[in-house]
Amino acid sequence: MELFEPSKSILQEIKLDSKFRNVRLLVKRDDLIHPEVSGNKWRKLKYNIELVLFQKKDGILTFGGAYSNHLLATAAACKLAGLKSIGVVRGEELTTDSNHNLKRCSELGMELKFIPREEYDTRNEKFVQETWKEEYPFYLLVPEGGSNYYGIVGCQEIRKELPDEIDHLFVAQGTTATSCGLLIGLSENTKLHVVPVLKGFDAKGEMKKQLIPFLIDEETIREYLDRVEVHSEAHFGGYGKWNPELVDFISNCKEEYDLPLDKIYTGKAFHAVMQWLAKQDFQTPQTVVFLHTGGLQNG
């Protein structure tokens with residue numbers, strides 16, 4: 001089932017000035033796939049939706065915060081696939097009119113259930129998952145951010161749309177599904193750079209949990225994770241936080257490179273790319289790719 005066209009996700013070359021020696025910088029524009037099922041969201045939903053259709057379920061039940069792009073993407077993708085959707089939202093004080101994101105989810109037919117934040121924090125515990133499954137047996141439960149086996153498989157497909165020879169690949173990191181999918185598909189000669197948007201996030205530890213179903217043993221997982229570089233201080237204070245420096249950087253990228261970025265994920269990650277490049281002195285030509293994972297609704 002192909003509701004969207006990944007062919008729209010072009011490779012945009014960024015023209016750098018001479019101080020960035022021996023660097024070819026490309027941006028994989030996954031944000032162009034669809035205006036609401038943006039970037040990596042479609043990659044992570046694709047096979048989950050195929051599973052719903054195969055199992056003849058009614059739709060998807062998933063989780064997210066008030067500004068979750070994943071909730072919006074799920075609502076839009078399910079509507080296009082002729083499926084129902086339920087969004088469990090963190091914050092019982094919220095309503096469908098609390099912000100544009102939630103309102104749009106509702107307009108797309110998503111049933112929103114608002115629960116207390118402390119209850120939301122237990123969403124991944126086994127007994128809680130079983131309770132949701134019992135209450136909604138005809139819905140597929142998809143974790144927050146689409147971070148499950150099928151989401152990772154979908155993200156693996158991004159590699160087929162990238163150049164054969166890549167030296168460095170950068171991606172913003174939230175739930176790690178996208179970065180894990182990329183890592184599994186990458187050549188051993190490619191360094192994967194992950195930019196967590198959460199302060200104090202254990203990037204490799206969380207990736208290890210996701211990689212267990214895909215890789216043979218602890219040693220193999222360790223070998224894969226050795227090819228990952230974590231930019232742990234690029235979060236600008238934590239999730240949903242930013243400062244004037246980041247806002248100006250995003251504005252400049254739009255003006256100078258015609259590259260739209262958001263303040264939550266891609267702005268921080270691309271800022272990390274440029275900061276890192278400024279410190280390098282490559283002696284040989286290097287191809288660097290930045291994966292634009294969308295999220296511009298909350299830019």
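The exercises below, each with a worked solution, concern a predicted model.

**Exercise 1. A lysine without a partner**

Locate Lys44, state whether Lys44 is buried or exposed, and identify the nearest side chain of opposite charge.

*Solution.*
Step 1. Lys44 belongs to helix α1, which covers residues 40–54.
Step 2. Lys44 is buried, yet no salt bridge is formed by this residue.
Step 3. The nearest side chain of opposite charge is that of Glu144, at 10 Å. A salt bridge requires a nitrogen-to-oxygen separation within 4 Å.
Step 4. The surroundings of Lys44 can then be listed. With neighbours within four places in sequence set aside, Lys44 is in contact with Gly145, Gly146, Tyr150, Gly151, Cys155, Thr175, Ala177 and Thr178.

**Exercise 2. The largest pocket**

Give the volume of the largest pocket, and describe which residues and elements line this pocket.

*Solution.*
Step 1. The volume of the largest pocket is about 1,000 Å³.
Step 2. The lining comprises 40 residues, of which Glu144, Gly145, Gly174, Thr175 and Tyr265 are the closest to the centre.
Step 3. At least two lining residues come from each of α1, α2 (69–80), β7 (168–173), α7 (177–185) and α8 (203–211).
Step 4. Sorted by class, the lining holds 20 polar, 12 nonpolar and eight charged residues.
Step 5. Two names recur from Exercise 1. Gly145 and Thr175 are among the contacts of Lys44, and both are listed with the residues closest to the centre of the largest pocket.

**Exercise 3. The second largest pocket**

Determine how much space lies in the second largest pocket, and which element supplies the largest share of its lining.

*Solution.*
Step 1. The second largest pocket holds about 250 Å³ of space.
Step 2. Its lining consists of 13 residues; Phe20, Phe249, Glu256, Tyr257 and Met274 are the closest to the centre.
Step 3. Two or more lining residues are given by α10 (244–257) and by α11 (266–278).
Step 4. The largest share, five residues, comes from α10.
Step 5. By class, seven lining residues are nonpolar, three are polar and three are charged.

**Exercise 4. A network of salt bridges**

The structure holds 16 salt bridges. Which residues join Glu161 in a network of salt bridges, and which parts of the chain do the pairs Glu161–Lys28 and Arg43–Asp30 tie together?

*Solution.*
Step 1. Glu161 and Lys28 form a salt bridge with an N to O distance of 2.7 Å. Because Glu161 lies in the loop between α6 (149–156) and β7, and Lys28 in strand β2 (residues 23–29), the pair ties together parts that are 133 residues apart in sequence.
Step 2. The two partners can be placed by accessibility. Glu161 has 26% relative accessibility and therefore counts as partly exposed; Lys28, at 1%, counts as buried.
Step 3. Arg43 and Asp30 also meet in a salt bridge, at 2.8 Å from N to O. Arg43 lies in helix α1 and Asp30 in the loop between β2 and α1, so this pair ties together parts that are 13 residues apart in sequence. Both Arg43 and Asp30 are buried.
Step 4. Lys28, Asp30 and Arg43 are thus linked with Glu161 in a network of salt bridges.

**Exercise 5. An exposed glutamate**

Establish where Glu92 is found, whether Glu92 is buried or exposed, and which residues Glu92 is in contact with.

*Solution.*
Step 1. Glu92 is found in the loop between β4 (84–90) and α3 (100–107).
Step 2. Its relative accessible area is 53%, so Glu92 is exposed, the cut-off for this class being over 50%.
Step 3. Apart from neighbours within four places in sequence, Glu92 is in contact with Phe114, Ile115 and Pro116.
Step 4. Lys113 stands 21 residues from Glu92 in sequence, with a C-alpha to C-alpha distance of 8.4 Å.

**Exercise 6. Positive phi angles**

Describe the setting of Lys56 and of Thr176, and give the phi value of each.

*Solution.*
Step 1. Most residues other than glycine have a negative phi.
Step 2. Lys56, in the loop between α1 and β3 (59–64), has a positive phi near 55°. At 70% relative accessibility, Lys56 counts as exposed.
Step 3. Thr176, in the loop between β7 and α7, has a positive phi of about 85°. At 2% relative accessibility, Thr176 counts as buried.

Terms used
Residues numbered from 1 in each chain as written. Predicted model: local features only at pLDDT ≥ 70, side-chain atom pairs only at ≥ 80, totals over all residues. Heavy atoms only, no water. Helix = DSSP H or I, 4+ residues; strand = E, 2+ residues; numbered from the N terminus. Buried < 20%, exposed > 50% of the residue type's maximum accessible area, 1.4 Å probe, protein only. Lys, Arg positive; Asp, Glu negative; His and termini not counted. Contact = heavy atoms within 4.5 Å. 1 Å grid on protein atoms, 1.4 Å probe; cavity = no way out; pocket = protein on both sides within 12 Å on 5 of 7 lines; lining within 4 Å. Points joined across faces, edges and corners; volume = space filled by probe spheres on them. Nonpolar A, V, L, I, M, F, W, Y, C, P; charged D, E, K, R; others polar.
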